[in-house]
Amino acid sequence: MKEISIKPSTVKMLLPSLKSGGKACWTPGEVRDARIGCDGKAEESVPPAVIVSRMAKGGVGKTTVIANLGSALAMMGHKVLMVDGDPQASLTGMFGVNPMDEDENIVHVGDLMHAFFSRQPVDFTAAVKPIYVGGYLDLIPADITLVNADPWLNGVLNRELLFDRMLRGNQPFFGRYDAILIDTAPATSLLTNALMLAGRELLVVAMLNGSSMKALHVLESNITEVNAAFPDLHMGIHIVANGYHGSFADCKKVLNRLAATYGPLLDENVLPLSTSFRRQDGVMDGEPSGPVLEREPSSESAASVAALARSLAARYGILLGGHPADASGGVL
Ligand SMILES: Nc1ncnc2c1ncn2[C@@H]1O[C@H](COP(=O)(O)OP(=O)(O)OP(=O)(O)O)[C@@H](O)[C@H]1O
Ligand SMILES: [Mg+2]
């Protein structure tokens, strides 16, 4: 668990209208208090926004976006829970939790759903790995045993809505967060479907290369099927373009096609193709890991992540709500 210190220049990128008052550095809690002070908002219990990353293709930056967004929202004073929904456990590794280390005692989202389904007590708090102190950035990690979720989900009636029911039925735990960010695996699976149905507007990450348009069409047809089966959900998409580089003609071509086809569904902020993102690959390859706002707050990538976080906080209605937490992140 990390006590992070946020530079005033980073706070300014994330929250341009917040007065810094000459502070040398900030904690997420100080940002939250200052925002509540400025806006005159009291803490109130509001349901968290749920953002699920999705794309019908691997390696497009889903995990990169969720990890950076989680960190950025926490630095904006929001309380964020990230859920690693991918047995590859890239999000888990990115935050320094080794999914291969048995001493980590990983309790993943499949274990939680199984306990909830079996009407056993679900100990959500035991699953959480705190990343930033104070409950600002928490993680429900994954490991390879998450692949076992599909065989048992296969026998569960109404499995598509099981995760959504667990989320909505356990507000004393989930309600302490302002945002729940869920990272999914690239392949369609029963687990991925269940996680996907908790997000009413999927966050689609499109890498700016030739295969994005086809992958988006596949995803759109999946969503059409979901909406036919569950008409009350009204599932939609919001697209983030990732991996822009001005000197690659292909990037511009794909970005223009995305804009022409999807119009306002495409976020105006585009993440650049930047070597700085590569340093986040995590514990497995021995490279230093961590979100760009922590590691390289002055980089072009950090500025893009900050602008994207501002845009998505507004788009998904992420508030400063949640139950008040004590210093250890527990609910008072
Ligand atoms: N904007 C970027 N610039 C440079 N490298 C990037 C960028 N976005 C992602 N990457 C790199 O591309 C690789 C794939 O990214 P990531 O793991 O986030 O994709 P993913 O969609 O989650 O993959 P998977 O489908 O396997 O879960 C990683 O090595 C990551 O560091
Ligand atoms: Mg991933």
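## Surroundings of ligand 1

In this predicted model, the shell around ligand 1 draws at least two residues from each of helix 3 (62-75), strand 7 (236-244) and helix 13 (275-278). The largest share comes from helix 3, which gives three residues.

There are 20 residues around the ligand, and those that come nearest are Gly58, Gly61, Thr63, Thr64 and Pro186. By residue class, the shell holds 11 polar, five nonpolar and four charged residues.

## Helix 3

Helix 3 has 14 residues, which at 1.5 Å a residue should span 20 Å; the C-alpha atoms at its ends are 20 Å apart, in agreement with that value. Since 14 of its 14 residues are buried, helix 3 is largely enclosed by the rest of the structure.

After helix 3 comes Gly77, with a positive phi near 90°.

## Positive phi outside glycine

Most residues other than glycine have a negative phi. Ala89 has a positive value, near 60°, and so does His234, at about 50°.

Both residues are in loops, Ala89 between strand 2 (80-85) and helix 4 (90-94), and His234 between helix 11 (212-229) and strand 7. Strand 7 is also one of the elements that supply at least two residues to the shell around ligand 1.

Are these two residues buried or exposed? Ala89 has 28 C-beta neighbours inside 10 Å and therefore counts as buried, the cut-off being 20 or more. His234 has 9 other C-beta atoms within 10 Å, so it is exposed, a class that requires 12 or fewer.

Notes:
Residues are numbered from 1 along each chain as its sequence is written. Chains are lettered from A and ligands numbered from 1 in the order in which they are written. This is a predicted model: local features need pLDDT of at least 70, side-chain atom pairs count only at pLDDT 80 or more; totals for chains, interfaces and linings use all residues. A residue is near a molecule or strand if its C-beta atom, placed from the backbone, lies within 6 Å of it. Helices (H or I, at least four residues) and strands (E, at least two) are DSSP runs, numbered from the N terminus. Ala, Val, Leu, Ile, Met, Phe, Trp, Tyr, Cys and Pro count as nonpolar, Asp, Glu, Lys and Arg as charged, and the others, Gly among them, as polar. The expected span of a helix is 1.5 Å times one less than its number of residues.
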